[in-house]
Structures are given as structure tokens and as C-alpha cells.
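User: I would like to see how each label attached to this model is earned, with the value set beside the rule behind it. Could you show me the structure and then take my questions one at a time?

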Amino acid sequence: MLVLILIVILFNGIAFFIPKRLTPIEMLTTTLFAMFLQLITDTYLDLKYDLYGYFRKGADWESFIYILGIYPAINVIFLNYFPYKEGMKTKIIYVFIWGVIAMVYETIFIWSGTYYLNGWKQIYSVFTYPVLYVMLMVFHQFSVKMIEKSTRDRCK
């Protein structure tokens, strides 16, 4: 549990102190989307199929440490530095690096006992993390377009 708390402090410290490229509304919408996606995924893969879980089988209060402490901070850091203006190769490398980072932290959380696998194999995560990061990036782009459209419509 100590490892998880230290990582939450680390990620939230980084997310708080980095120079922001995202507007507050972009951070809010994408964070809510990331948390929604995580909750939907965990509802089925954790609670319904028991493939993995946080701390122990079933719903528990401690899982909120992940939901509120890890995912919002990762969302802000990942999107803040996403190389939108770079080429496809740079974007793919960026997503790959974040996938590796996620795998390292998944391994640390398994080792610390705050996350367990029960039917889920870590190799599945190798393919899942890039898909989730791309979904987050696509939603961010969608949000930016919707915010710009709302602003234009309001100015008419």
C-alpha cells in the first residue's frame, strides 16, 4: 500500500506542477472520460469476470486510490505532452513508451499486492494499453473540436 501511495503522490505532483498545455475544461472532460472508461472496463473485467482486481476480489473502497489517485494524473500527464504536431512515427513511439511505463507500474502494483491477476495475463496488457491511450487521445481531440465549436456558436 505504501508503494501505491508514493506513486499517487509522485504522479499527482507531476500533474500539478508541469506547465499545462491543456485548458482546465480539456483536463476535466478527458479525465472524466478516462475514469468512465476505467470504470466500465473494471465493471466487466474485474467485477463480472474476475480477471483481475484491486486489493481483493469484489468491490472495495481502496480501489478509489487507483480511480481517483492514478488515472486522472496519468491522463493529464499523457495528454499534456502528446506530440500532436509531430509525425505518425513520433506519436506511435510516444504511445509505445507510455505502454511500457504502464507495464512497469502494473508489475510494481502486482508485486506490492495492491493489484492481482486472476485469469488476465500481463501479455494482454501489452496490447490493451496502446488502445486505451489512443482512445484517450482521440477523445481529447474530439473534446477540443466540441469546445471550439461551442465557442464559435456562442460568439455568433
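Analyst: What follows goes through helices, burial, salt bridges, a surface patch and some backbone angles.

User: Before the labels, what kind of model is this, and how are its values restricted?

Analyst: This is a predicted model, in which local features need pLDDT of at least 70 and side-chain atom pairs count only at pLDDT 80 or more, while totals for chains, interfaces and linings use all residues. Residues are numbered from 1 along each chain as its sequence is written, and side-chain values use heavy atoms, with hydrogens and water left out.

User: How do you know that the length of H2 fits a helix of 25 residues?

Analyst: Helices here are DSSP runs of H or I with at least four residues, strands are runs of E with at least two, and both are numbered from the N terminus. The expected span of a helix is 1.5 Å times one less than its number of residues, so the 25 residues of H2 (residues 24-48) should span 36 Å, and the 34 Å between its end C-alpha atoms agrees with that.

User: Where does H2 bend, and by how much?

Analyst: H2 bends at Asp42 by about 35 degrees, where the bend is the angle between axes fitted to the seven residues ending at a position and the seven starting there.

User: How does the length of H5 compare with its expected span?

Analyst: By the rule of 1.5 Å a residue, the 25 residues of H5 should span 36 Å, and its end C-alpha atoms are 36 Å apart, so the two agree.

User: What makes Leu4 a buried residue, and what is it in contact with?

Analyst: Buried means under 20% relative accessible area, exposed means over 50%, and partly exposed lies in between (1.4 Å probe, protein chains only). Leu4, which lies in helix H1, has 0% relative accessibility and therefore counts as buried. Apart from its neighbours within four places in sequence, Leu4 is in contact (heavy atoms within 4.5 Å) with Phe55, Ile65, Tyr66, Ile70, Phe109 and Thr114.

User: Which residues of H5 are buried, and what covers them?

Analyst: In H5 the buried residues are Tyr94, Val95, Trp98, Gly99, Ala102, Met103, Tyr105, Glu106 and Phe109. Their cover includes helix H1 (2-17), H3, H4, S2 and H6. In H2 the buried residues include Met27, Phe33 and Leu37, and Asp42, the site of the bend, is also among them. The cover of the buried residues of H2 includes strand S1 (52-54), helix H3 (63-69), helix H4 (71-80), strand S2 (115-117) and helix H6 (122-155).

User: Why is Met88 called exposed?

Analyst: Met88 is found in helix H5, and because its relative accessibility is 57%, it counts as exposed.

User: What makes the pair Lys57 and Asp50 a salt bridge?

Analyst: A salt bridge is a side-chain nitrogen of Lys or Arg within 4 Å of a carboxyl oxygen of Asp or Glu, and the side chains of Lys57 and Asp50 meet at 3.9 Å, N to O. The two partners carry opposite burial labels, because Lys57 at 62% counts as exposed, whereas Asp50 at 13% counts as buried.

User: How many salt bridges does the structure hold?

Analyst: The structure holds two, and another pair is Glu62 with Arg56, at 2.9 Å from N to O. Glu62 is partly exposed because its relative accessible area is 23%, and Arg56 is likewise partly exposed at 44%.

User: Which residues make the nonpolar surface patch?

Analyst: Ile93, Phe96, Ile97, Val100, Ile101 and Val104 make a patch of about 510 Å². Patches are made of residues with over 30% relative accessible area and no salt bridge, with like charges joined within 9 Å and nonpolar side chains (Val, Leu, Ile, Met, Phe, Trp, Tyr) within 5 Å. The areas come from the Shrake-Rupley method with a 1.4 Å probe, and for residues only the protein chains shown count as cover.

User: What is the phi of Asp50, and what is that of Phe55?

Analyst: Asp50, in the loop between H2 and S1, has a positive phi near 50 degrees although it is a residue other than glycine. Phe55, in the loop between S1 and H3, is not a glycine either and has a positive phi of about 65 degrees. Phe55 is called buried because its relative accessible area is 19%. A positive phi is also found at Gly113, which follows H5, with a value near 85 degrees.
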